[in-house]
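The following exercises are to be worked through with the sequence and the structure at hand. Each task is followed by a solution in steps.

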Amino acid sequence: MAKSSTRRVTIFINGKEVEASVKQIRSEMNKLVNEQNRIVIGSDE
């Protein structure tokens, strides 16, 4: 019989751990993209 194994992946977006659901990951990615779009190139941010 095959041995059972457990695999775990932790996803961090913008320094925050997100839930393992596609909806939550997409939401966090959209927040990050929107934040990056508001940043002025060459600013201190």
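**Exercise 1.** Determine in which element Asn34 is found, and decide whether Asn34 is buried, partly exposed or exposed.

*Solution.* The model is a predicted one. Step 1: the element that holds Asn34 is helix H1. Step 2: the relative accessible area of Asn34 is 41%. Step 3: partly exposed residues lie between the limits of 20% and 50%, so Asn34, at 41%, is partly exposed. Step 4: for a view along the chain, take Ser5, which is 29 residues apart from Asn34. The C-alpha atoms of Asn34 and Ser5 are separated by 38 Å.

**Exercise 2.** Establish the order of the secondary structure elements along the sequence, and state where confidence is lowest and where it is highest.

*Solution.* Step 1: the protein contains two strands and one helix. Step 2: along the sequence these elements follow the pattern β-β-α. Step 3: helix H1, residues 22-38, has the highest confidence, with a mean of 85, whereas strand S2, residues 16-18, has the lowest, with a mean of 77. Step 4: for the protein, the mean pLDDT is 80, and 91% of the residues reach 70 or more.

**Exercise 3.** Characterise the surroundings of Glu28 and identify the residue with which Glu28 forms a salt bridge.

*Solution.* Step 1: Glu28 lies in helix H1. Step 2: the limit for a buried residue is under 20% relative accessible area; Glu28 has 9% and therefore counts as buried. Step 3: leaving aside residues up to four places away in sequence, Glu28 touches Ile13, Lys16 and Val18. Step 4: the salt-bridge partner of Glu28 is Lys31, with the closest N and O atoms 3.6 Å apart. This distance satisfies the cut-off of within 4 Å, and the count comes to one salt bridge. Step 5: Lys31 and Glu28 are three residues apart in helix H1, so about one helical turn separates them. Step 6: compare the two partners: Lys31 is partly exposed, with a relative accessible area of 48%, while Glu28 is buried at 9%.

**Exercise 4.** Describe the protein as a whole: what are its extent, its buried share, its exposed area and its charge distribution?

*Solution.* Step 1: the C-alpha trace spans about 60 × 20 × 10 Å along its principal axes. Step 2: the protein has 45 residues, of which 9% count as buried. Step 3: the exposed area is about 4700 Å², and 50% of it is supplied by carbon and sulfur atoms. Step 4: there are 8 positive and 6 negative charges, and their mean positions are 14 Å apart.

Notes. Residues are numbered from 1 along each chain as its sequence is written. This is a predicted model: local features need pLDDT of at least 70, side-chain atom pairs count only at pLDDT 80 or more; totals for chains, interfaces and linings use all residues. Side-chain values use heavy atoms; hydrogens and water are left out. Helices (H or I, at least four residues) and strands (E, at least two) are DSSP runs, numbered from the N terminus. Buried means under 20% relative accessible area, exposed over 50%, partly exposed in between (1.4 Å probe, protein chains only). Accessible areas come from the Shrake-Rupley method with a 1.4 Å probe; for residues, only the protein chains shown count as cover. Lys and Arg count as positive and Asp and Glu as negative; His and the chain ends are not counted. The place of a charge is taken as NZ of Lys, CZ of Arg, CG of Asp or CD of Glu. pLDDT is the predictor's confidence in each residue, from 0 to 100. Contact means heavy atoms within 4.5 Å. A salt bridge is a side-chain nitrogen of Lys or Arg within 4 Å of a carboxyl oxygen of Asp or Glu.
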